[in-house]
Amino acid sequence: MRFVTCLQKLLIALPFFMAPACSHAADFDIVVLGAEGGLEDGNLSAYFIRPTTSDKGILCDAGTILHGLKEATKAGAFDKHALASKTLSPEGEILHDRITAYLISHAHLDHIAGLVAISPDDAPKPILALPSVNAVLAAHVFNWQVWPNMSDRGPTPRLGLYHYQDLEPGRAVPLPETPLQVQAYPLNHGGVESTAFLLTSGSDTLLYLGDTGPDTSQHSDNLHHLWQAIAPLVQQKRLHAILMECSYDNSQPTSHLYGHLTPHWVQEELQDLQTVAGTSLQGLPVIITHVKPTLKRPDDPAARIFGELNATNVTGVHFIMAHQSLHLRL
């Protein structure tokens, strides 16, 4: 990605050993398979997350899978020595044996296209989502019209490769073949129900937000309720990081956010979290996702958003721009 320089890569690594929220041993491993919010069909939202105690993990959203696995493997984000299959490519082994479940925040194409495309060669696994999200997938995606029904709901014949598992907001559910648990929290994405996933490994947690707009402009309180739910984790220094979207720079009018955030609104929401938690967010890694590229020249939306975020960073969080093949240990 144009924006990430060698110096920025170094700065990405340092705060995890310095920040109060992450001063103990690493507990989460993140590989970005796709980071952007549109246009580039080989780089759409998909984040492989595992506890460092296990080589198996889950995918938060699935906009890009196979191409993302190839790029990440090429970049050394996966341990080649641990990939020992004699019958599968490294990407195939990760897909079949390392990714044990999909957590889908909402059913927009830039969050599910990779899942649909890879399904004919995937291994059986569950799709965990809020009921409204699974209902859309069953009725409008895996329905024998848009794509064969690879699932266990909807039109027959049901091939049953994927098992829909509905999540009840706030209820912890174990994730298969991993030490992880997940809790889902509804988000408002311009009138569409999206999801935040809180992942727990032992006493440590990581928060992933799907697409969301700010509470103020959407006349919603979804984010505020989410901050209330995770406030104790912030107070106890158990939250390792937040993955949070910022689709546009501050020049985007609030009336044209389409259920997304800008640096201004990211700051507003983080300040609300800090107020609710009653403690500083200083040093907390906030990984910025879902930047929307443009076709204008010259233009680098990620660099502009990064600059705007840091120019008004009153909470002192550590902003990191997600990019394809980025590998983080928190």
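How many disulfides does the structure hold? I looked this up at the start and found zero disulfides. I note that the model is a predicted one.

**Cysteines**

I checked Cys 246, which is in no disulfide; its nearest cysteine sulfur, that of Cys 60, is 19 Å away. Cys 246 counts as buried, at 0% relative accessibility. For Cys 60 I also read 0% relative accessibility, so Cys 60 is buried because buried means under 20%.

**The sheet around S11**

I followed the strand order of the open sheet and wrote down S7-S8-S9-S10-S11-S12-S13, seven strands with mixed pairing. At the edges I found strand S7 (173-174) and strand S13 (318-321), each of which pairs on one side only.

I then went to strand S11 (residues 239-245). Seven of its seven residues are buried, and I entered S11 as mostly covered. With strand S10 (residues 204-209), S11 pairs in the parallel sense over three bridges; I noted Leu 239 in S11 as the bridge partner of Thr 205. With strand S12 (residues 285-289), S11 runs parallel, and four bridges join the two. There the bridge partner of Leu 243 is Ile 287 in S12.

I traced the connection as well: S11, helix H9 (residues 263-277) and S12 make a β-α-β unit, and the unit is right-handed. Going on to the edge, I found S12 and S13 paired in the parallel sense over four bridges, with Phe 319 in S13 as the bridge partner of Val 286.

**Salt bridges**

I counted nine salt bridges in the structure and looked at some of them.

Asp 29 forms a salt bridge with Arg 50, and the closest N and O atoms are 3.6 Å apart. Asp 29 lies in strand S1 (residues 28-34) and Arg 50 in strand S2, so the pair ties together parts 21 residues apart in sequence. Asp 29 is buried at a relative accessible area of 2%, and Arg 50 is buried at 14%. I also found Asp 29, Arg 50 and Arg 329 linked in a network of salt bridges.

The side chains of Arg 98 and Asp 55 meet in a salt bridge at 3.7 Å, N to O. This pair links distant parts of the chain, with Arg 98 in helix H4 and Asp 55 in the loop between S2 and S3, 43 residues apart. Is Arg 98 buried or exposed? I read 8% relative accessibility for Arg 98, which counts as buried, whereas Asp 55 is partly exposed at 40%.

Lys 56 and Glu 177 meet through their side chains in a salt bridge of 3.8 Å, N to O. I placed Lys 56 in the loop between S2 and S3 and Glu 177 in the loop between S7 and strand S8 (180-189), 121 residues apart. Lys 56 is partly exposed at 22%, and Glu 177 is exposed at 56%.

**Helix H4**

Arg 98 led me to helix H4 (residues 90-98), where Glu 91, Gly 92, Glu 93, Ile 94, Leu 95 and Arg 98 are buried. I listed some of what covers these buried residues, including strand S2 (46-51), helix H3 (66-74) and helix H5 (109-118).

**Asn 149**

My last entry is on Asn 149, in the loop between helix H6 (131-140) and strand S6 (162-166). Asn 149 is buried, with a relative accessible area of 0%. I found its side chain in a polar contact with the side chain of Ser 151 at 2.6 Å. A polar atom of the Asn 149 side chain also lies 2.7 Å from the backbone oxygen of Arg 153. Beyond four places in sequence, Asn 149 touches several residues, among them Phe 142, Trp 144, Pro 157 and Leu 159.

Terms used:
Residues are numbered from 1 along each chain as its sequence is written. This is a predicted model: local features need pLDDT of at least 70, side-chain atom pairs count only at pLDDT 80 or more; totals for chains, interfaces and linings use all residues. Side-chain values use heavy atoms; hydrogens and water are left out. Buried means under 20% relative accessible area, exposed over 50%, partly exposed in between (1.4 Å probe, protein chains only). A polar contact is a pair of N or O atoms within 3.5 Å; within protein, one must be able to donate a hydrogen and the other to accept it, and residues adjacent in sequence count only if both atoms are side-chain atoms. Contact means heavy atoms within 4.5 Å. Two strands pair if DSSP finds at least two bridges between them. A crossover is right-handed if, with the strands pointing away from the viewer, the path from the first strand over the helix to the second runs clockwise. A disulfide is a pair of cysteine sulfur atoms within 2.5 Å. A salt bridge is a side-chain nitrogen of Lys or Arg within 4 Å of a carboxyl oxygen of Asp or Glu.
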